[in-house]
Amino acid sequence: MEAESTLDDHSRTIIHIDLDCFYAQVEMVKNPELRTLPLGIQQKNIVVTSNYIARQYGIKKCMLITEAKKMCPNLVLVKGEDLHDYRQTSYKVTTLLQKYSNLVERLGLDENFIDVTSIVNEKIEDSTRIDIVGNVFGDISDLCDCGCSDRLKIGTNIAQEIRDQIKSELNLTTCAGVGHNKLLAKIAGSKHKPNEQTVIFPNSAVELMLSLNLVSYIPGIGTTLTEQLGSINIKTVQDLHNMDFVKLKNLLGSEKAKTVHDLSFGLDRTPVKSTGKPQSIGIEDSCKSISIEKEVREKLRQLLSRLLVLVGEDGRVPKTIKLTIRKFDRKSKVSNRETRQCNINTTLFNPKDISKLTETNENKILTAIMRLFNKLVNTNKPYHITLLGLSFTKFVERPSAKSTLTKFLIKDIEVQSITNIENVQETKTTPDDSPSTSYVENSETEPEPTPKKCKFSDFIAKKRFLRDSDDCASPSKLRVAELRLNSTEKSMDTNQNISCPPDASEEVFRELPRDVQQELWEEYKQTRDRDKVCSNQLKKPNQIV
Ligand code: DGT
Ligand code: MG
């Protein structure tokens, strides 16, 4: 084969992690009694995966239920059509991997690539003798001397560490492949299953590729490409190696021919792309023509509640909502898609369970969406909507219980010192110019003041979240603004009877519920009595900081 020679780069260390019998494992974690039984996960009339006990009976992925039951009459079937728990577990695994490297790329629900090159390069400095952990594919008597061998050996140690952590934290077993590129790492990982790991050194790359036998087994070569190659009698990896490159180029074009050629020799320069969480989460439904606003609102209400379930699974708090419509023009017989979006106040969502909105907040969001709709459609004229879609396009991380009130209070304290409420509110901007302030959150474009550490806020945060507070609102400037407004209104309320700890901002303290104030004061008193050091401060209990 006369392809241009491709220099292989051995500088990276990449780990591929694949969860064993993923859906089945999730079910076994939920119900440990299933661990000793042959288990199949059923979607419609198909077994989409099974545990390894069931596999001993010959149960295979995508087997018909009837066939599987014949093979293994004791097969226990669990419905796996609701992907909620699988998605949740999948994200937990990715999140755990992200502690090892920023470069974690998800592939489907149960596979991840991790580029651990930088950890390896750090570790290599201190390593004298490095042992390989797990299986090795191929011969190790004649390894490359560019340094990749040591790097990959260290990679096997990291892979083991990662797999141990997934097991201890999530009770899930995995397979890992370690290689200097994604392709080799992925294929190597599949060589010993379940709950094992395998490393491939560059000298065995061609052998590994040949071991796949059929070109269709090469990751990246799909059905269409397999058929194209088949049309010139290339069925196996060996066929591909023997093929005249010019012929391949004539068939596929030079770029694709080069890629296919490279893959067949185990060459892959594609980077591990950090996936993170999806940038938007949305759903849409096509429908028979809708021409009545009330029906649109009802349809959108249904979409919103389905969308909230998905966002609840994702775990982040949405802050922008986008409406998509498809309008059908009867005159021109043409359909057009249009979208419009606006910000939503993150405090409308229950941080404990994003999927559950109060009726009032649901109506606020729906009103915002209908406002978008009215911008897209002139409802005074006849219209025909044939598709409605909703998606959340921006998110903030759900505030962790521990940090929320601390941030909330710190921001309040900062704003008191640097600005006033009117200025804060005027900085509001929205992508879609006019949603009402009742649901629009301030733009994040204005730089936030640097948080100042505040002993008192830490103290309150600790205290408050031990109580499992509901007040987990995202600390936005609007929230601060509301707080300040309320603060003025409440300045004459009964709270003034409870003393404010001297280490506290009086204004912040007054915003807290009375029972929390009481508890804080009691706590302060106890600390004071225990620790004489505090006694001097107590002389001025209502001092404003
Ligand atoms: P493994 O990796 O061989 O130990 O077994 P799994 O079950 O992890 O298989 P894998 O990695 O190919 O797929 C991950 C999950 O994706 C699997 O647990 C169920 C689901 N899945 C796999 N193939 C199909 C399919 O063809 N259709 C559907 N609906 N789901 C599938
Ligand atoms: Mg798997």
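## Exercises on a predicted model

In this predicted model, Ile 41 touches Tyr 23, Ala 24, Glu 27, Ile 46, Val 47, Val 48, Thr 49, Val 78, Gly 80 and Tyr 86, with residues up to four places away in sequence left out of the count.

**Exercise 1.** Determine to which core Ile 41 belongs, and state which element gives the most residues to that core.

*Solution.* Begin with the membership: Ile 41 is one of the 37 residues in the largest nonpolar core, and it is listed with Ile 15, Leu 97, Ile 114, Ile 158, Ile 162 and Ile 166 as touching the most other members. Next, identify the elements that give two or more residues to this core, which are strands S1 (14–19), S2 (39–43) and S9 (174–179) together with helices H1 (22–30), H4 (84–97), H5 (117–126) and H6 (148–170). Of these, H6 gives the most, with 7 residues. Finally, note that another core lies apart from this one; that core has 36 residues, among them Leu 323, Ile 325, Cys 342 and Ile 344. For the setting, the protein has 20 helices and 14 strands, and buried residues make up 47% of its 545 residues.

**Exercise 2.** Describe the surroundings of two asparagines, Asn 51 and Asn 112, and find the polar partner of each side chain.

*Solution.* Take Asn 51 to start with: this residue sits in the loop between strand S3 (46–50) and helix H2 (52–56). Its relative accessible area is 2%, and since buried means under 20%, Asn 51 is buried. The side chain of Asn 51 reaches the backbone oxygen of Leu 37 at 2.7 Å. Beyond its neighbours within four places in sequence, the contacts of Asn 51 are Cys 21, Ala 24, Met 28, Leu 34, Arg 35, Leu 37, Pro 38 and Leu 39.

Turn then to Asn 112, which is placed in strand S7 (residues 111–115) and counts as buried at 1% relative accessibility. Here the polar contact runs from side chain to side chain, joining Asn 112 and Thr 94 at 3.2 Å. Not counting residues up to four places away in sequence, Asn 112 touches Ile 15, His 16, Ile 17, Val 93, Thr 94, Leu 97, Val 104, Glu 105 and Arg 106.

**Exercise 3.** Work out which residues coordinate the magnesium ion (ligand 2), and which geometry its site has.

*Solution.* The coordinating residues include two aspartates, Asp 18 and Asp 110, each through OD, and Leu 19 through its O atom, at 2.0 to 2.2 Å. In sequence, these donor residues follow the spacing D-L-x90-D. For Leu 19, the relative accessible area is 3%, and this residue is buried. As to geometry, the ion has 6 donor atoms with angles of 79 to 169° among them, and the site is octahedral. For comparison, ideal angles for six octahedral donors are 90 or 180 degrees.

**Exercise 4.** Explain why the buried residues of helix H11 lie on the same side of the helix, and identify what covers them.

*Solution.* First list the buried residues of H11 (residues 245–252), namely Phe 245, Leu 248 and Leu 252. They cover an arc of only 60° around the axis, and therefore they lie on the same side of H11. The general background is that an α-helix has 3.6 residues a turn, so residues three or four places apart point the same way. The cover over the buried residues of H11 includes helices H9 (223–230), H10 (237–242) and H12 (254–264), and just after H11 comes Gly 253, with a positive phi of about 85°.

Then examine H12, whose buried residues are Ala 257, Lys 258, Val 260, His 261, Asp 262, Leu 263 and Ser 264. Their cover includes helices H7 (182–189) and H8 (205–211), along with H9, H10 and H11. Just after H12, Gly 266 takes a positive phi of about 80°.

**Exercise 5.** Locate the cis peptide bond at Pro 194, and decide whether Asn 195 and Lys 333 are exposed or partly exposed.

*Solution.* As a reference point, most residues other than glycine have a negative phi, and most peptide bonds are trans. The cis bond joins Lys 193 and Pro 194, with omega at about -10°, and Pro 194 is in the loop between H7 and strand S10 (197–200). Asn 195 is also found in the loop between H7 and S10; its phi is positive, near 55°, and with a relative accessible area of 43% this residue is partly exposed. Lys 333, in the loop between strands S12 (317–329) and S13 (334–343), likewise has a positive phi, near 60°. The relative accessible area of Lys 333 is 62%, so this residue is exposed.

Notes: Residues are numbered from 1 along each chain as its sequence is written. Chains are lettered from A and ligands numbered from 1 in the order in which they are written. This is a predicted model: local features need pLDDT of at least 70, side-chain atom pairs count only at pLDDT 80 or more; totals for chains, interfaces and linings use all residues. Side-chain values use heavy atoms; hydrogens and water are left out. Buried means under 20% relative accessible area, exposed over 50%, partly exposed in between (1.4 Å probe, protein chains only). Helices (H or I, at least four residues) and strands (E, at least two) are DSSP runs, numbered from the N terminus. The arc is that of the directions from the helix axis to the C-beta atoms. Contact means heavy atoms within 4.5 Å. A polar contact is a pair of N or O atoms within 3.5 Å; within protein, one must be able to donate a hydrogen and the other to accept it, and residues adjacent in sequence count only if both atoms are side-chain atoms. A nonpolar core is a set of buried Ala, Val, Leu, Ile, Met, Phe, Trp, Tyr and Cys residues joined through side-chain atoms within 4.5 Å. Donors are N, O and S atoms within 2.8 Å of the metal (3.2 Å for Na, K and Ca); water is not among the atoms, so sites may look incomplete. Four donors count as tetrahedral if all angles lie between 85 and 135 degrees; four count as square planar and six as octahedral if opposite donors are over 155 degrees apart and all others between 65 and 115; anything else is irregular.
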